[in-house]
Amino acid sequence: GELGALKQGSGLEPYLKFPFDNEGKVIKVHLEVADLKADVLDIRGVKRIELADHQCTLEMKFKYLYREKVGANVNWSFSPIQFIGKPKKGMDKNRELLVGKDEKWEEDTKSNFNKICNRLLMDYEKEGIFSEGSVKRIMTGLEEQIDSILENWVSKESHLIIFGADHNGDFLYPGQIPVFVQYFQNKLQQSLIGKGKQIYNQCAFCGIKDINTTALSKVFKFSTADKVNFLPGLDKTLEESVFPVCIECFEKISAGRERIERLYSNNKIISGLQMWIIPETVGGNDHNHFKKIIVDKMERQRIEDSLDSFGEKREERFLSYLAKEGQSLIFHFMFWERNNAQELVHLMVEDVPPERLAYLEERWIEAMNTVFGDVKRGKVLDWAIKSLYAVLSQFAGQSKGDRIVMRDFAIKILGKVLRGERLPVATFKSIVASRVAHLVYETPKWDDITKNMLYAQVWVEFMQRVNEGVVQ
């Protein structure tokens, strides 16, 4: 909530997200609209299609008007946006992904055109936002301009298709079109409060009783109605009775989550998992002090994630920065995984001080110097954390089951590292030693074998040095 209150925007801004975390491509579909000021848009077809880069600015956040769908099975979305992912190799494969086999997209429910028609746009017509027949004319226009979509769907980045209006050759985004904004607001109201609800609940955060409360699980889906996790599930009707949240607090929490995902998260530490780093001030709720540290110092220095493997030229130094500049703060680490609609938490470590991060970085530098000598790359804590699963996954080889075991082992080690507990050096050595032959057999380049063996040695050195400072 405190993070969400910093520079919190007005109106819809706390509920909005960027479609992509960082880079991505946006395929803009210019709809030909008879009257943009009308309460019901009479769409005559598709005028043209063009490509643009995804932009992470506040202005574009309002223009995209994006919020994640409330579930995978609903046939509507807050925004007229269809994610189509990264293109395959070959135009024919991409064409099939868009329009289905033999271009019979009406019958292929997995094709993007079928999803666009039935799970995205048709609800606009049902809700009276589009005039009758508009969706059919849009789909006909998309069919006629399929080659234009394919020509713009070629880079290795993730892509989305966004529908807006053509205005004298310029593209109007959904957030610039009043009826799209109204549709968003209506769906938001229904998803948060529901229809005809008249129950007073006490907000679990501020304590105020309000008739307009919603459920915390609509921000953090650590529980769904069919799967019990952090919050009780099973009975959908009881969802809002567990951690009810007033709308004001909900806006702060939603904005806080968006800020964490944009500035304090990393999805490249362990494959398939998100790592959140949540800052908190020490010694009370001094909002001005918190704002000064978080906004004026840390967020200005946020370095975008750039390390995918050992071969990258740049190193992310965010953890290293927190270790040096995070005085008066403590950090909470959370590793979680998205599983359909549910978000599964694998590890939570609370109250990690910057001094702990600095201590770990010092031990890592010593271990790197011992194994590699005087090298400049890799001597930051971010590199250390990322290298753990990278090394263990190589020893796991191509086996999916073995990779899961190694992932869980890496998570346990990281938990102990952050908590200041003794690290399992003997177990780590045993796993690595037992799989050396497997590594050699499945790795074609000897340099890659050598590199992974050396990094395994660095981790042994690192763990031994860390254990020397752990109180028995």
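Contact here means heavy atoms within 4.5 Å. With that cut-off, and leaving aside neighbours within four places in sequence, Asn-467 is in contact with Glu-421, Arg-422, Leu-423 and Val-425. Asn-467 is found in helix 16; helices (H or I, at least four residues) and strands (E, at least two) are DSSP runs, numbered from the N terminus. Its relative accessible area of 8% makes Asn-467 buried, a word that stands for under 20% relative accessible area, with exposed over 50% and partly exposed in between (1.4 Å probe, protein chains only).

The model is predicted: local features need pLDDT of at least 70 and side-chain atom pairs count only at pLDDT 80 or more, while totals for chains, interfaces and linings use all residues. Residues are numbered from 1 along each chain as its sequence is written, and side-chain values use heavy atoms, with hydrogens and water left out.

Helix 13 makes a good next stop. Its 20 residues (400-419) reach 29 Å from first C-alpha to last, close to the 28 Å expected at 1.5 Å a residue; the expected span is 1.5 Å times one less than the number of residues. Buried residues of helix 13 include Met-406, Phe-409, Ile-413 and Leu-414. Among the elements that cover the buried residues of helix 13 are strand 12 (329-339), strand 13 (342-352), helix 11 (354-372) and helix 16 (446-468). Just after helix 13, Gly-420 takes a positive phi of about 85°.

Another glycine, Gly-378, has its place in the loop between helix 11 and helix 12. Gly-378 counts as buried because its relative accessibility is 0%. Its C-alpha atom is separated by 7.8 Å from that of Met-368, 10 residues apart along the chain.

The aromatic rings come next. A pair of aromatic rings is described by the distance of the centres and the angle of the planes. Rings of Phe, Tyr and Trp (its six-membered ring) pair if their centres lie within 6.5 Å; planes under 30 degrees apart count as stacked, over 60 as edge-to-face and the rest as tilted. A search of the whole structure finds 17 aromatic pairs. In one of them, Tyr-124 and Phe-180 meet edge-to-face, at 5.4 Å centre to centre and with 75° between the planes. Tyr-124 lies in helix 4 (residues 112-126) and Phe-180 in helix 7 (residues 178-192), so this pair ties together parts that are 56 residues apart in sequence. Tyr-124 is buried, at 0% relative accessible area, and Phe-180 is buried at 2%. Ring pairs also link Tyr-124, Phe-130, Phe-180 and Tyr-183 into a cluster.

Helix 7 has 15 residues, which should span 21 Å at 1.5 Å a residue, and its end C-alpha atoms are indeed 21 Å apart. Among its buried residues are Phe-180, Tyr-183, Phe-184 and Lys-187, and what covers the buried residues of helix 7 includes helix 4, strand 8 (213-215) and helix 8 (247-263). The charged end of Lys-187 sits over the ring of Trp-76, 4.7 Å from its centre; this description applies if NZ of Lys or CZ of Arg is within 6 Å of the ring centre and within 35 degrees of the ring normal. The charged end of Arg-67 likewise sits over the ring of Phe-78, 5.7 Å from its centre.
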